[in-house]
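Visitor: Hi! Could you walk me through this protein model?
Guide: Sure, let's look at it together.

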Amino acid sequence: MIVDTHAHVWDPARVRYPWLRPGMGPLHGAFGYADLAAHLDDEHELEACDRGEHVRAVLVQAADDPRDVEVMADVAADEPRVAGLVVWAPVDRPELVEGEVERAGVIAADAGTRVVGVRTMQHRDEGAAWLARPETDAGLAVVDALGLAYECLVTTPDGLAQLPAVVERHPGLRFVVDHLGRPPLGDPDALAHWRALLAPVAQHPGVVAKLSGIFPRGVPGREYADQVREVVDVALELFGPRRLMLGSAWPVSLLHGGPAVACVAVDAALQAALGHDDLHDVRAGTASDVYGLARVTS
């Protein structure tokens, strides 16, 4: 089994997506069931699935809006390969977190799936300083009590630098670092700084990371595979295969040559570094453990 732990669906006619800017041409419009089904079919054709494995997807929130889960659930109701939903909750309003998660859980259950984690886009916009606020810290404690993972959308070095202190305050909460904290491909000095900031985050055993969103800068050339290999090797060194997961970041990947570009490069780097069992952990085992999915043997 392959678990794509980072796919999105959205519908601008139903939900406002502030991050969806005019320059993101391919991303405008709705991405629904037919689009996700086609994406999962395409992923199944990649080399990683040539042995008869199948693909499942975790849908991740795309807006800090209670209607966002309704869009995801509508797709999940038609697509049985959706394994779970990472939903929005107002983490900086701790008194509302449990109620919103429970509401989302009912909607997910009606669609034949379930809530497996919580994420906010506000974290991306305001960084780890937002996580350090007392009210947000209290909200994270509620997420922990609910037994769900919290996904960290860290996009700047400053945010990554502040993350270890947040993790230390919540040793029982499963943190997921989306997109490996945005490694800067092709810049040796910035990449070394990224590694230095990520290392103390990885020291906490409750933190896992997604090999997702590792996109080329511009048109991918021959050097792109080497850059991805370097990043994947660092991730394996810091986290190990049992704390790494795959994610396509679809359909955002359409801005970067399509999902196959990054997925093929990441999978090639993994196959060069890992044996069968460890490869299975990155492709499916870690996701099964983090999100409470049914374990499928390799």
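Visitor: How much space lies in the largest pocket?
Guide: Keep in mind that this is a predicted model. Rolling a probe the size of a water molecule over the atoms shows where empty space is left. For the largest pocket, that space comes to about 650 Å³.

Visitor: Which residues are the closest to the centre of the largest pocket?
Guide: The pocket has 28 lining residues. By class, they split into 16 nonpolar, 7 polar and 5 charged. The closest to the centre are His179, Arg182, Phe215, Val252 and His256.

Visitor: Is Arg182 buried, exposed or partly exposed?
Guide: You'll find Arg182 in the loop between S6 and H8. Buried would need under 20% relative accessible area, and exposed over 50%. Arg182 has 35%, so it counts as partly exposed.

Visitor: And what about Leu180, buried or exposed?
Guide: Leu180 sits in the loop between strand S6 (175-177) and helix H8 (188-202). Its phi is positive, near 55°, though most residues other than glycine have a negative phi. Its relative accessibility is 0%, so Leu180 counts as buried.

Visitor: Where around the axis of H1 are its buried residues?
Guide: Helix H1 covers residues 33-44, and its buried residues are Leu36, Ala37, His39, Leu40 and Glu43. They span an arc of only 160° around the axis, so they are on the same side of H1.

Visitor: Which residue does a cis peptide bond join to Trp250?
Guide: Most peptide bonds are trans. Here omega is about 0°, and the partner lies in the loop between strand S8 (244-246) and H10. That partner is Pro251.

Conventions: Residues numbered from 1 in each chain as written. Predicted model: local features only at pLDDT ≥ 70, side-chain atom pairs only at ≥ 80, totals over all residues. Heavy atoms only, no water. 1 Å grid on protein atoms, 1.4 Å probe; cavity = no way out; pocket = protein on both sides within 12 Å on 5 of 7 lines; lining within 4 Å. Points joined across faces, edges and corners; volume = space filled by probe spheres on them. Nonpolar A, V, L, I, M, F, W, Y, C, P; charged D, E, K, R; others polar. Helix = DSSP H or I, 4+ residues; strand = E, 2+ residues; numbered from the N terminus. Expected span 1.5 Å × (residues − 1). Buried < 20%, exposed > 50% of the residue type's maximum accessible area, 1.4 Å probe, protein only. Arc of directions from axis to C-beta.
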